[in-house]
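Q: I have a model open on my screen and would like a close look at one part of it. Could you walk me through that part and then show me how the rest fits around it?

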Amino acid sequence: MAVLSQTDPEQLRRELQQGEGPDLRIRRAIVGLSLVGMASMAVVSLFQTGVIRHLPDPPLDRFNSDKVNSSVTAYHWGVPDGTVSMAGHAVNVALAAVGGPQRVREQPWVPLIAAAKAAAEAAVAARYLFYEMPIVQKTWCGYCIVDALAHIGTFALTLPEAGKALAAIRQTR
């Protein structure tokens with residue numbers, strides 16, 4: 001079982017662009033959702049690296065994206081967390097694009113790796129969404145909410161294919 005596709009590039013292109021089926025539709029949703037997450041974190045990354053000086057917020061109480069994204073927590077990995085999150089979304093896009101519509105049988109480790117990676121990111125996102133912003137920071141960041149929901153949604157979307165991949169692995173034993 002190869003992790004990366006042994007498929008002819010022309011066949012892979014045709015399958016990804018024109019293929020049908022629930023797994024491909026879900027993988028396309030992962031791509032779209034991850035790109036939304038990347039867009040929100042691209043703006044945050046511009047702020048966190050000093051390219052822009054202010055993040056606009058909705059005119060609602062308790063929204064202060066500048067404060068949230070300037071916190072010690074946002075830099076505790078030695079790199080701005082917006083850049084790390086954006087890179088995570090980019091890897092989700094690549095993992096969703098690996099293999100054709102039969103990858104559950106041909107490359108079952110890919111959906112399992114995608115789900116495990118997405119699970120870790122969803123756990124971090126949930127901590128940030130339900131603990132860090134409301135309890136520690138006592139303020140909200142709209143960009144971060146979009147990012148967290150994108151990570152959590154991506155994890156949820158990886159589960160059906162991961163379940164099928166696990167069943168396919170069990171069948172080969």
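What covers the buried residues of helix 2?

A: Happy to take you through it. Please keep in mind that this is a predicted model.

Let's start with the setting. The protein chain holds seven helices and zero strands, so from the N terminus on the order of elements reads α-α-α-α-α-α-α. Along the principal axes, its C-alpha atoms fill a box of roughly 55 × 30 × 30 Å. The chain has 173 residues, and buried ones make up 40% of them. If you look at contacts between residues at least 6 apart in sequence, 72% of these join residues at least 24 apart.

Now to your helix. Helix 2 covers residues 22–48, 27 residues in total. From its first C-alpha to its last it reaches 38 Å, close to the 39 Å expected at 1.5 Å a residue. Its buried residues are Asp23, Leu24, Arg27, Ile30, Ser34, Gly37, Ser40, Met41, Val44, Ser45, Phe47 and Gln48. As a reminder for reading such a list, an α-helix has 3.6 residues a turn, so residues three or four places apart point the same way.

As for your question, the cover over those buried residues includes helix 1 (9–18), helix 3 (65–69), helix 4 (81–97), helix 5 (103–106) and helix 7 (142–171). Let's visit some of these partners, beginning with helix 1.

Helix 1 and helix 2 pack with their axes 9 Å apart, at an angle of about 85°. Angles of 65 to 115 degrees count as roughly perpendicular, and the two helices therefore stand roughly perpendicular to each other. On the helix 1 side, Glu15, Leu16, Gln17 and Gln18 make the contact, and on the helix 2 side Leu24, Arg27 and Arg28 do. Sorted by class, this contact has two nonpolar, two polar and three charged residues. Two of the helix 2 contact residues, Leu24 and Arg27, are also on the list of buried residues.

Past the end of helix 2 comes Gly50, with a positive phi near 85°. The loop between helix 2 and helix 3 holds Arg62, whose phi is positive as well, near 70°, in a residue other than glycine. Arg62 counts as partly exposed because its relative accessibility is 46%.

Beyond helix 3, look at Ser70, which sits in the loop between helix 3 and helix 4. Leaving out residues up to four places away in sequence, Ser70 touches Phe47 and Tyr75; Phe47 is one of the buried residues of helix 2. Ser70 itself is partly exposed, with a relative accessible area of 44%. Its C-alpha lies 11 Å from that of His54, 16 residues away along the chain.

Helix 4 offers a neat pair to compare. Ala87 lies in helix 4, and Gly88 does too. Ala87 counts as partly exposed at 42% relative accessibility, whereas Gly88 is buried at 8%. Apart from neighbours within four places in sequence, Gly88 is in contact with Lys117 and Glu121. The C-alpha atoms of Gly88 and Ser65 are separated by 21 Å, with their positions 23 residues apart along the chain. For Ala87 and Pro134, 47 residues apart along the chain, the C-alpha separation is 25 Å.

Finally, the nonpolar cores bring helix 2 back into the picture. The largest core has 13 residues, and Val68, Met133, Cys141, Tyr143 and Cys144 touch the most other members. Helix 2, helix 6 (109–137) and helix 7 are the elements that give two or more residues to this core. Helix 6 supplies the largest share, four residues. Met133, one of those well-connected members, touches Val68, Tyr128, Lys138, Thr139, Trp140, Cys141, Cys144 and Ile145, not counting residues up to four places away in sequence. A second, separate core of seven residues includes Val104, Ala162, Ala165 and Ala168.

One of the residues touched by Met133 is Lys138, found in the loop between helix 6 and helix 7. Lys138 has a positive phi near 55° in a residue other than glycine, and with a relative accessible area of 55% it is exposed.

Conventions:
Residues numbered from 1 in each chain as written. Predicted model: local features only at pLDDT ≥ 70, side-chain atom pairs only at ≥ 80, totals over all residues. Heavy atoms only, no water. Expected span 1.5 Å × (residues − 1). Buried < 20%, exposed > 50% of the residue type's maximum accessible area, 1.4 Å probe, protein only. Contact = heavy atoms within 4.5 Å. Core = buried A, V, L, I, M, F, W, Y, C linked by side-chain atoms within 4.5 Å. Axes fitted to C-alpha atoms, helices over the stretch in contact; angles between N-to-C directions. Parallel < 35°, antiparallel > 145°, perpendicular 65-115°, else oblique. Nonpolar A, V, L, I, M, F, W, Y, C, P; charged D, E, K, R; others polar.
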